[in-house]
Amino acid sequence: MAVIAPTASSQAEVSAQACSFTNWTAGTWYTTGSIVKYTNGQYYVAEHDNPGYDPIISTWYWEPTSCDGGGGGGGGGTCTSATDWVAGRQYYTGNIVRYNGSYYIAEHDNPGYDPTISTWFWEPHSCDGGGGGGGGGSFVVSEAQFNQMFQGTRNSFYTYSGLVEAMSAFPAFAKTGGDTVSKQEAAAFLANVSHETGGLKYVEEIDQSGDYCDETRPYGCPSPQKYFGRGPIQLSWNFNYKAAGDYLGIDLLGNPQWVAQQAPIAWKTGLWYWNTQSGPGSMTGHAAMTNGSGFGHSIRSINGSLECDGRNPAQVQSRVSKYQQFVGILGVPAGANLYC
């Protein structure tokens, strides 16, 4: 899988560290923090779990690192080198900054983007040497529960770790209104996602014949890739790719294929829609599940113009049944107003 390459300066900025490593082997499963010695004699650290992708091709999964051959081990860090984040300052992959009392590590070189907005460039970082950790804490859905929800259907692209990573960009998601409401919101989001993707089976829309390009927009459709549905809520149309990319700080208008290539980006587009867009409804899915309006309003915000008010009751029932299944797995009631 060919993904986004970092700029050449990133390698020089990764601090030297003692590390234990193995020789990279194609097809071997590597977890985040694993360090390998590649066939070119260079060392690489896994930025994300992966099934043995090539470090010089799949550069989203791997970053160059410096080893002195000693015993230590990668990952972590005491953040002793952290500085306060400054807007407009050049940062390189591996730099750690302090922002509003939390720490963030640069996942990619960037010219001082805001760590809480440009979440493709920054990730929350836990420090073991004083100071807090960034991020939003644990997800109310465990990995075992997630696997149970999508058992037998989930494409391996849709990773649990990718979802949890994406949630850092939306700190209110599944963390608003107490444990029961948080679990209901998580179940509602995942139920709608399941319906949209056939149980997380499809990464891209089956029918890709349409280009989904609104030429009346001033920015047009600059990518040679079409703007058909991709990701957990099947992001479609150039204006939605533009809006989602602007919110997340990444160029999805120019690179819509990223949504089908990088799990955290895919999940972020789904969470972007859920948390910020009301679609044909009167509120976002997040608002519907946290203000007591109920699951039915989340259906309306996603596809209400085609399904609600008796237009397609079978599709509505499919979403409701999946939601009821998921709240059952999480051990909370479904609440009122299930239908739209």
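**Helix H4, its neighbouring loop, and the spaces around them**

Thr 197 is buried, with a relative accessible area of 0%. This residue of the predicted model belongs to helix H4, and it makes a convenient starting point for a tour of the structure. Val 193 is found in helix H4 as well, and Val 193 is likewise buried, its relative accessible area being 0%. The two residues are joined by a polar contact: a polar atom in the side chain of Thr 197 sits 2.8 Å from the backbone oxygen of Val 193. A general point about helices helps here. An α-helix makes a turn every 3.6 residues, so residues three or four places apart point the same way. Val 193 can also be placed relative to a residue further along the chain, since Gly 231 is 38 residues away in sequence while the C-alpha atoms of the pair are 9.1 Å apart in space.

The loop between H4 and H5 comes next, and several of its residues can be described one by one. Leu 200 lies in this loop and has a phi near 60 degrees, a positive value in a residue other than glycine. Leu 200 counts as buried because its relative accessibility is 0%, under the 20% limit. Trp 237 is in the loop between H4 and H5 too, and its phi, near 80 degrees, is again a positive value in a residue other than glycine. Is Trp 237 buried or partly exposed? With a relative accessible area of 34%, Trp 237 is partly exposed. Gln 234 is a further resident of the loop between H4 and helix H5 (238-248). At 14% relative accessibility, Gln 234 counts as buried, and its side chain reaches the backbone nitrogen of Glu 205 at 3.3 Å.

Gln 234 also leads to the second largest pocket, where it is one of the residues that lie nearest the centre, together with Glu 196, Ile 233, Leu 235 and Ser 236. The lining of this pocket comprises 25 residues, and the pocket has a volume of about 530 Å³. Which helices each supply at least two residues of the lining? They are helix H4 (178-197), helix H6 (263-276) and helix H8 (295-307). Sorted by class, the lining of the second largest pocket has 12 polar, eight nonpolar and five charged residues.

Helix H6, one of these contributors, has 14 residues and reaches 20 Å from its first C-alpha to its last, close to the 20 Å expected at 1.5 Å a residue. H6 is mostly covered, with 13 of its 14 residues buried.

Empty space is also found inside the model. Rolling a probe the size of a water molecule over the atoms shows where such space is left. How many cavities of 30 Å³ or more does the structure hold? There is one, and about 40 Å³ of space lies in the largest cavity. Its lining is made up of His 48, Trp 60, Glu 107, His 108, Thr 119, Trp 120, Glu 123, Glu 165, Pro 264 and Lys 268. By class, that lining has four charged, three polar and three nonpolar residues.

Covalent links between cysteines form another part of the picture. A disulfide is a covalent bond between the sulfur atoms of two cysteines. The count here comes to two disulfides. In one of them, Cys 213 and Cys 221 are paired with their sulfur atoms 1.8 Å apart. Why is this disulfide called right-handed? The torsion about the S-S bond of Cys 213 and Cys 221 is about 105 degrees, so the link is right-handed. Cys 213 is buried, with a relative accessible area of 16%, whereas Cys 221 is partly exposed at 22%.

Cys 308 and Cys 340 also form a disulfide, with 2.0 Å between their sulfur atoms. This pair links distant parts of the chain, 32 residues apart: Cys 308 is in the loop between H8 and helix H9 (313-330), and Cys 340 is in the segment after H9. The link of Cys 308 and Cys 340 is left-handed, with -95 degrees about the S-S bond. Cys 308 counts as buried, at 0% relative accessibility.

One last residue is Ala 87, in the loop between strand S6 (83-84) and strand S7 (96-99). Ala 87 is exposed, with a relative accessible area of 54%. From Ala 87 to Pro 115 there are 28 residues in sequence and 9.7 Å in space, C-alpha to C-alpha.

Key: Residues are numbered from 1 along each chain as its sequence is written. This is a predicted model: local features need pLDDT of at least 70, side-chain atom pairs count only at pLDDT 80 or more; totals for chains, interfaces and linings use all residues. Side-chain values use heavy atoms; hydrogens and water are left out. On a 1 Å grid over the protein atoms alone, a cavity is a set of points where a 1.4 Å probe fits but cannot get out, and a pocket is an open set with protein on both sides within 12 Å along at least five of seven lines; lining residues have an atom within 4 Å of a point. Grid points are joined across faces, edges and corners, and a volume is the space filled by probe spheres set on the points. Helices (H or I, at least four residues) and strands (E, at least two) are DSSP runs, numbered from the N terminus. Ala, Val, Leu, Ile, Met, Phe, Trp, Tyr, Cys and Pro count as nonpolar, Asp, Glu, Lys and Arg as charged, and the others, Gly among them, as polar. A disulfide is a pair of cysteine sulfur atoms within 2.5 Å. Buried means under 20% relative accessible area, exposed over 50%, partly exposed in between (1.4 Å probe, protein chains only). The expected span of a helix is 1.5 Å times one less than its number of residues. A polar contact is a pair of N or O atoms within 3.5 Å; within protein, one must be able to donate a hydrogen and the other to accept it, and residues adjacent in sequence count only if both atoms are side-chain atoms.
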